[in-house]
Amino acid sequence: MGRYVTAEIIKSLREGKRLTQRELASAVGVTDKAVSKWESGRGLPDISLIDALAQALGVSVAELLTGDVRENANRAGNMMRSKFYVCPICGNVVHAMGEGSFSCCGVQLMPQEAEDADEDDAHRVRVERIENDWYLTLDHPMTKQHYLSFAAYVTSDTVSLKKLYPEQSPEVRFPMRGSGLLYVFCNQHGLFRLKTPRIQRTR
(Lines give C-alpha, C1' and ligand atoms only; values in the text may rest on other atoms or scores of the structure.)
Protein backbone atom coordinates (compact mmCIF):
# COMPACT_ATOMS: atom_id res chain seq x y z
CA MET A 1 0.00 0.00 0.00
CA GLY A 2 1.05 3.62 -0.16
CA ARG A 3 2.29 3.40 -3.76
CA TYR A 4 1.69 6.17 -6.27
CA VAL A 5 1.97 6.46 -10.02
CA THR A 6 5.57 6.69 -11.29
CA ALA A 7 7.25 8.55 -14.15
CA GLU A 8 8.18 5.26 -15.82
CA ILE A 9 4.62 3.97 -15.81
CA ILE A 10 3.18 7.16 -17.28
CA LYS A 11 5.76 7.24 -20.06
CA SER A 12 5.52 3.55 -20.95
CA LEU A 13 1.72 3.59 -21.03
CA ARG A 14 1.65 6.79 -23.10
CA GLU A 15 4.08 5.34 -25.62
CA GLY A 16 2.15 2.08 -25.67
CA LYS A 17 -0.98 4.03 -26.63
CA ARG A 18 1.08 5.95 -29.23
CA LEU A 19 0.12 9.28 -27.73
CA THR A 20 2.30 12.37 -27.78
CA GLN A 21 2.77 14.29 -24.56
CA ARG A 22 0.55 17.01 -26.00
CA GLU A 23 -2.23 14.53 -26.83
CA LEU A 24 -2.12 13.04 -23.34
CA ALA A 25 -2.09 16.50 -21.81
CA SER A 26 -5.15 17.48 -23.83
CA ALA A 27 -7.03 14.36 -22.75
CA VAL A 28 -6.26 14.98 -19.07
CA GLY A 29 -6.73 18.74 -19.14
CA VAL A 30 -3.17 19.88 -18.39
CA THR A 31 -0.29 21.32 -20.40
CA ASP A 32 2.24 19.21 -22.26
CA LYS A 33 4.88 20.73 -19.96
CA ALA A 34 3.07 19.14 -17.00
CA VAL A 35 3.21 15.73 -18.69
CA SER A 36 6.89 16.27 -19.44
CA LYS A 37 7.52 16.95 -15.75
CA TRP A 38 5.62 13.80 -14.75
CA GLU A 39 7.66 11.64 -17.11
CA SER A 40 11.00 13.13 -16.07
CA GLY A 41 10.26 12.69 -12.37
CA ARG A 42 10.17 16.42 -11.71
CA GLY A 43 6.55 16.31 -10.60
CA LEU A 44 3.57 14.04 -10.04
CA PRO A 45 -0.04 14.33 -11.23
CA ASP A 46 -2.45 15.59 -8.63
CA ILE A 47 -4.71 12.91 -7.15
CA SER A 48 -7.70 14.68 -8.73
CA LEU A 49 -6.27 13.84 -12.18
CA ILE A 50 -5.74 10.12 -11.61
CA ASP A 51 -9.14 9.01 -12.93
CA ALA A 52 -8.76 11.03 -16.13
CA LEU A 53 -5.15 9.92 -16.54
CA ALA A 54 -6.05 6.24 -16.18
CA GLN A 55 -8.87 6.60 -18.69
CA ALA A 56 -6.62 8.38 -21.20
CA LEU A 57 -3.97 5.67 -20.85
CA GLY A 58 -6.51 2.86 -21.17
CA VAL A 59 -5.92 1.23 -17.78
CA SER A 60 -7.72 0.99 -14.46
CA VAL A 61 -6.79 3.28 -11.58
CA ALA A 62 -5.47 0.24 -9.68
CA GLU A 63 -3.20 -0.69 -12.59
CA LEU A 64 -1.95 2.87 -12.93
CA LEU A 65 -1.11 3.16 -9.24
CA THR A 66 0.50 -0.26 -8.83
CA GLY A 67 2.15 -0.52 -12.23
CA ASP A 68 0.72 -4.04 -12.54
CA VAL A 69 -0.83 -3.65 -15.97
CA ARG A 70 -2.86 -6.59 -17.26
CA GLU A 71 -3.57 -7.64 -20.81
CA ASN A 72 -6.60 -6.12 -22.49
CA ALA A 73 -8.50 -9.40 -22.17
CA ASN A 74 -8.76 -8.89 -18.42
CA ARG A 75 -10.29 -5.46 -18.84
CA ALA A 76 -12.76 -6.40 -21.56
CA GLY A 77 -16.35 -5.59 -20.66
CA ASN A 78 -17.36 -9.23 -20.34
CA MET A 79 -18.62 -10.41 -16.97
CA MET A 80 -17.48 -13.96 -17.78
CA ARG A 81 -13.96 -12.80 -16.90
CA SER A 82 -15.14 -11.87 -13.42
CA LYS A 83 -12.80 -12.19 -10.46
CA PHE A 84 -13.84 -12.58 -6.83
CA TYR A 85 -11.76 -11.36 -3.89
CA VAL A 86 -12.62 -12.50 -0.36
CA CYS A 87 -11.26 -10.99 2.84
CA PRO A 88 -9.99 -13.80 5.12
CA ILE A 89 -10.68 -11.67 8.20
CA CYS A 90 -14.18 -10.24 7.79
CA GLY A 91 -15.44 -12.24 4.80
CA ASN A 92 -16.10 -9.17 2.65
CA VAL A 93 -16.55 -10.07 -1.03
CA VAL A 94 -15.25 -7.87 -3.85
CA HIS A 95 -16.28 -8.51 -7.45
CA ALA A 96 -14.24 -7.14 -10.36
CA MET A 97 -14.40 -7.49 -14.16
CA GLY A 98 -10.77 -8.65 -14.24
CA GLU A 99 -7.84 -8.58 -11.86
CA GLY A 100 -7.17 -5.48 -9.81
CA SER A 101 -5.61 -4.30 -6.58
CA PHE A 102 -7.89 -4.54 -3.54
CA SER A 103 -7.39 -4.64 0.20
CA CYS A 104 -9.61 -5.14 3.22
CA CYS A 105 -8.87 -5.17 6.96
CA GLY A 106 -5.28 -4.23 6.10
CA VAL A 107 -4.81 -7.33 3.94
CA GLN A 108 -3.94 -7.29 0.23
CA LEU A 109 -6.55 -9.52 -1.41
CA MET A 110 -5.72 -12.03 -4.12
CA PRO A 111 -8.18 -13.19 -6.80
CA GLN A 112 -9.79 -16.50 -5.96
CA GLU A 113 -8.88 -19.29 -8.38
CA ALA A 114 -12.00 -21.36 -9.05
CA GLU A 115 -11.81 -25.15 -8.99
CA ASP A 116 -14.13 -27.45 -10.94
CA ALA A 117 -17.10 -28.26 -8.70
CA ASP A 118 -17.81 -31.45 -10.64
CA GLU A 119 -14.42 -32.87 -9.65
CA ASP A 120 -14.83 -32.33 -5.91
CA ASP A 121 -17.41 -34.55 -4.22
CA ALA A 122 -17.47 -32.38 -1.11
CA HIS A 123 -18.42 -29.33 -3.18
CA ARG A 124 -20.47 -30.89 -5.94
CA VAL A 125 -23.32 -28.57 -6.87
CA ARG A 126 -26.70 -29.92 -7.92
CA VAL A 127 -28.48 -27.60 -10.31
CA GLU A 128 -32.16 -27.89 -11.19
CA ARG A 129 -34.41 -25.71 -13.24
CA ILE A 130 -37.49 -24.73 -11.28
CA GLU A 131 -39.81 -22.61 -13.40
CA ASN A 132 -37.52 -19.78 -14.57
CA ASP A 133 -34.93 -20.16 -11.81
CA TRP A 134 -31.71 -22.08 -11.35
CA TYR A 135 -31.95 -23.89 -8.01
CA LEU A 136 -28.56 -24.79 -6.47
CA THR A 137 -28.16 -27.25 -3.59
CA LEU A 138 -25.11 -28.83 -1.93
CA ASP A 139 -24.41 -31.37 0.79
CA HIS A 140 -22.17 -28.99 2.69
CA PRO A 141 -21.70 -28.03 6.35
CA MET A 142 -23.11 -24.68 7.40
CA THR A 143 -21.47 -24.35 10.81
CA LYS A 144 -19.75 -21.26 12.16
CA GLN A 145 -16.39 -22.86 11.41
CA HIS A 146 -17.13 -24.37 7.98
CA TYR A 147 -19.75 -22.92 5.65
CA LEU A 148 -20.58 -21.56 2.20
CA SER A 149 -20.03 -17.81 2.18
CA PHE A 150 -21.70 -16.87 -1.09
CA ALA A 151 -23.01 -18.12 -4.43
CA ALA A 152 -22.88 -16.25 -7.73
CA TYR A 153 -24.37 -16.56 -11.21
CA VAL A 154 -22.38 -14.89 -13.98
CA THR A 155 -23.43 -14.35 -17.60
CA SER A 156 -21.77 -12.22 -20.28
CA ASP A 157 -23.50 -9.06 -19.05
CA THR A 158 -24.81 -9.74 -15.54
CA VAL A 159 -23.54 -10.85 -12.15
CA SER A 160 -25.91 -11.98 -9.40
CA LEU A 161 -24.42 -12.66 -5.98
CA LYS A 162 -26.16 -14.02 -2.91
CA LYS A 163 -24.61 -14.04 0.54
CA LEU A 164 -24.95 -17.16 2.67
CA TYR A 165 -24.48 -17.49 6.42
CA PRO A 166 -23.74 -20.24 8.96
CA GLU A 167 -26.77 -22.28 10.05
CA GLN A 168 -28.55 -21.28 6.82
CA SER A 169 -29.56 -24.02 4.37
CA PRO A 170 -26.91 -24.53 1.62
CA GLU A 171 -29.27 -23.70 -1.24
CA VAL A 172 -29.93 -20.70 -3.43
CA ARG A 173 -32.11 -19.68 -6.39
CA PHE A 174 -31.15 -17.39 -9.24
CA PRO A 175 -33.51 -16.07 -11.93
CA MET A 176 -32.35 -17.55 -15.24
CA ARG A 177 -30.60 -15.15 -17.62
CA GLY A 178 -29.13 -17.58 -20.12
CA SER A 179 -25.98 -19.66 -20.16
CA GLY A 180 -23.12 -18.74 -17.88
CA LEU A 181 -21.15 -19.84 -14.83
CA LEU A 182 -22.26 -20.70 -11.31
CA TYR A 183 -19.93 -20.20 -8.33
CA VAL A 184 -19.97 -21.21 -4.69
CA PHE A 185 -17.39 -20.15 -2.12
CA CYS A 186 -16.42 -22.30 0.87
CA ASN A 187 -14.71 -20.43 3.70
CA GLN A 188 -12.22 -23.29 4.17
CA HIS A 189 -11.66 -24.62 0.65
CA GLY A 190 -12.18 -21.63 -1.62
CA LEU A 191 -14.07 -21.02 -4.86
CA PHE A 192 -15.78 -23.67 -7.00
CA ARG A 193 -17.32 -23.22 -10.42
CA LEU A 194 -19.51 -25.03 -12.93
CA LYS A 195 -21.32 -24.17 -16.13
CA THR A 196 -25.07 -23.73 -16.19
CA PRO A 197 -26.87 -26.78 -17.61
CA ARG A 198 -27.88 -26.72 -21.26
CA ILE A 199 -31.40 -25.34 -21.53
CA GLN A 200 -33.75 -27.76 -23.24
CA ARG A 201 -35.95 -25.81 -25.60
CA THR A 202 -39.53 -26.94 -25.93
CA ARG A 203 -41.58 -26.61 -29.10
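## Contacts and overall shape

Among contacts in the chain between residues at least 6 apart in sequence, 50% join residues at least 24 apart. Keep in mind as you look around that this is a predicted model.

The chain holds six helices and 12 strands. Its radius of gyration is 22 Å, well over the 17 Å that the globule rule gives for 203 residues, so the chain is more spread out than a compact globule. Along the principal axes, the C-alpha trace spans about 65 × 45 × 25 Å. As for burial, 37% of the 203 residues count as buried.

## A three-stranded sheet

A good place to start is the open sheet made by three strands, in the order β6-β7-β10, with antiparallel pairing. At its edges are β6 (126-130) and β10 (171-175), each of which pairs on one side only. From one strand to the next, the twist averages 25°. In general, strands of a sheet pair through backbone hydrogen bonds, either parallel or antiparallel.

Now follow strand β7, residues 133-137, which is joined to β10 by five bridges, the two running antiparallel. Two pairs of facing residues help you line the strands up: Leu 136 stands opposite Val 172 in β10, and Thr 137 stands opposite Glu 171 in β10.

## The two faces of β10

Side chains alternate along β10. Val 172 and Phe 174 point to one face and are buried, while Glu 171, Arg 173 and Pro 175 point to the other face and are not buried.

Glu 171 is worth a closer look. This residue of strand β10 counts as partly exposed because its relative accessibility is 37%, a value between the 20% and 50% cut-offs. Leaving out residues up to four places away in sequence, Glu 171 touches Tyr 135, Leu 136, Thr 137 and Leu 164. With Tyr 135 there is also a polar contact between the side chains, at 3.0 Å. Asp 118 lies 53 residues from Glu 171 along the chain, and the C-alpha atoms of the two are separated by 17 Å.

## Nonpolar cores

The largest nonpolar core has 19 residues, and those with the most contacts inside it are Val 125, Leu 136, Leu 148, Phe 174, Leu 182 and Val 184. Two or more residues of this core come from each of β7, β8 (148-154), β10, β11 (181-186) and β12 (190-195). Apart from this core lies another, of 17 residues, with Val 5, Ile 9, Ile 10 and Val 28 among them.

You have already met Leu 136 in the sheet, where it faces Val 172. Not counting residues up to four places away in sequence, Leu 136 touches Val 125, Arg 126, Val 127, Pro 170, Glu 171, Val 172, Phe 174 and Leu 182. Several of these names are familiar: Val 125, Phe 174 and Leu 182 are also among the core residues with the most contacts.

## A buried histidine

One last stop is the loop between β5 (115-116) and β6, where you will find His 123. Is His 123 buried or exposed? His 123 counts as buried because its relative accessibility is 2%, under the 20% cut-off.

The surroundings of His 123 include other histidines, His 140 and His 189. Its full set of touching residues, not counting those up to four places away in sequence, is Ala 117, Leu 138, His 140, Cys 186, His 189 and Phe 192. With His 140, the side chain of His 123 also shares a polar contact of 3.3 Å.

Definitions and conventions
Residues are numbered from 1 along each chain as its sequence is written. This is a predicted model: local features need pLDDT of at least 70, side-chain atom pairs count only at pLDDT 80 or more; totals for chains, interfaces and linings use all residues. Side-chain values use heavy atoms; hydrogens and water are left out. Two strands pair if DSSP finds at least two bridges between them. Helices (H or I, at least four residues) and strands (E, at least two) are DSSP runs, numbered from the N terminus. Axes are lines fitted to C-alpha atoms, for helices over the stretch in contact, and angles run from 0 to 180 degrees between N-to-C directions. A nonpolar core is a set of buried Ala, Val, Leu, Ile, Met, Phe, Trp, Tyr and Cys residues joined through side-chain atoms within 4.5 Å. Buried means under 20% relative accessible area, exposed over 50%, partly exposed in between (1.4 Å probe, protein chains only). Contact means heavy atoms within 4.5 Å. A polar contact is a pair of N or O atoms within 3.5 Å; within protein, one must be able to donate a hydrogen and the other to accept it, and residues adjacent in sequence count only if both atoms are side-chain atoms. The radius of gyration is taken over C-alpha atoms; the globule rule is 2.2 Å times the number of residues to the power 0.38.
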